[in-house]
Amino acid sequence: MTNRTRARSRQVSVVRSGDWWAITAPRHPGLFSQAKRLDQVDAMAREAIAMMLDIDEADVGDIDVVVTPPAEVAGLLETLKASSAAAEAATRAAAEARSEAAKLLRERGLPMRDVGELLGISHQRVSQILAR
C-alpha cells in the first residue's frame with residue numbers, strides 16, 4: 001500500500017433515496033453504496049471504498065459522513081440545532097447566575113434553606129453548588 005492510497009479522511013455524501021440512504025464519494029467517481037440506516041453508512045462506505053481501491057477495509061482511514069437530510073425537514077433541523085445551542089448557552093448562564101447568587105446570599109448570612117427557597121432549589125443543592 002502506498003501513502004497515496006491511504007487518506008486521512010474520506011468524505012462520503014449521503015442522501016435519502018426511497019427507503020434507503022444513497023452513499024457516494026466525491027473523490028471516488030462511480031462509487032455507490034446504500035444503507036438502510038444512518039448508523040450503517042460508515043461500514044457500507046468503508047466496504048465500498050475498500051472494494052473499489054482493492055485494499056483492506058482497515059486501510060480506508062476515517063470516513064467523514066456528510067448527510068443531506070430530506071428537503072422538507074432540513075430547515076427544521078437547522079432551527080433545532082440553533083435552538084439547542086441557544087438552550088445550552090442559556091442553561092450555562094443560568095447555572096452561573098445561580099452559583100453567584102447562592103454565594104452572595106450565603107455571604108450575607110442567609111441560611112441554606114432560605115437560599116434554596118429564593119433560588120427555587122433544595123438546600124442540599126445549594127450546598128453542592130457552594131462546594132465547587
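**Exercise 1. Determine in which element S33 is found, and whether S33 counts as buried or exposed.**

Solution. In this predicted model, S33 is found in strand β3, which covers residues 32-35. The relative accessibility of S33 is 12%. Buried means under 20% relative accessible area, so S33, at 12%, counts as buried. The next step is to list the contacts of S33, leaving aside its neighbours within four places in sequence. These contacts are W21, A22, I23, M44 and A48.

**Exercise 2. State how many helices and strands the chain has, and in what order its elements run.**

Solution. The secondary structure comes to four helices and four strands. Read from the N terminus on, the elements run β-β-β-α-β-α-α-α.

**Exercise 3. Compare the reach of helix α2 with its expected span, then identify its buried residues and what covers them.**

Solution. Helix α2 comprises residues 71-107, 37 residues in total. At 1.5 Å a residue, 54 Å is expected. From first C-alpha to last, α2 reaches 55 Å, close to that expectation. The buried residues of α2 are S99, A102 and L105. Their cover includes α3 (112-119) and α4 (123-131). After α2 comes G109, whose phi is positive, near 90°.

**Exercise 4. Classify E107 as buried or exposed, and give the separation of its C-alpha atom from that of L119.**

Solution. E107 is found in helix α2. Its relative accessible area is 63%. Exposed means over 50%, and therefore E107, at 63%, is exposed. E107 and L119 are twelve residues apart along the chain, and their C-alpha atoms are separated by 15 Å.

**Exercise 5. Evaluate the radius of gyration of the chain against that of a compact globule of 132 residues, and relate the result to the spans of the C-alpha trace and to burial.**

Solution. For a compact globule of 132 residues, the radius of gyration would be near 14 Å, but the chain has 25 Å. Along its principal axes, the C-alpha trace spans about 75 × 40 × 20 Å. As for burial, 23% of the 132 residues count as buried. Among contacts with a separation of 6 or more, 35% are accounted for by residues 24 or more positions apart.

**Exercise 6. Describe the accessible surface of the chain and the placement of its charges.**

Solution. The accessible surface comes to about 9100 Å². Carbon and sulfur atoms hold 52% of this surface. The chain has 18 positive and 18 negative charges, and the mean positions of the two sets are 6 Å apart.

Key: Residues are numbered from 1 along each chain as its sequence is written. This is a predicted model: local features need pLDDT of at least 70, side-chain atom pairs count only at pLDDT 80 or more; totals for chains, interfaces and linings use all residues. Side-chain values use heavy atoms; hydrogens and water are left out. Helices (H or I, at least four residues) and strands (E, at least two) are DSSP runs, numbered from the N terminus. The expected span of a helix is 1.5 Å times one less than its number of residues. Buried means under 20% relative accessible area, exposed over 50%, partly exposed in between (1.4 Å probe, protein chains only). Contact means heavy atoms within 4.5 Å. The radius of gyration is taken over C-alpha atoms; the globule rule is 2.2 Å times the number of residues to the power 0.38. Accessible areas come from the Shrake-Rupley method with a 1.4 Å probe; for residues, only the protein chains shown count as cover. Lys and Arg count as positive and Asp and Glu as negative; His and the chain ends are not counted. The place of a charge is taken as NZ of Lys, CZ of Arg, CG of Asp or CD of Glu.
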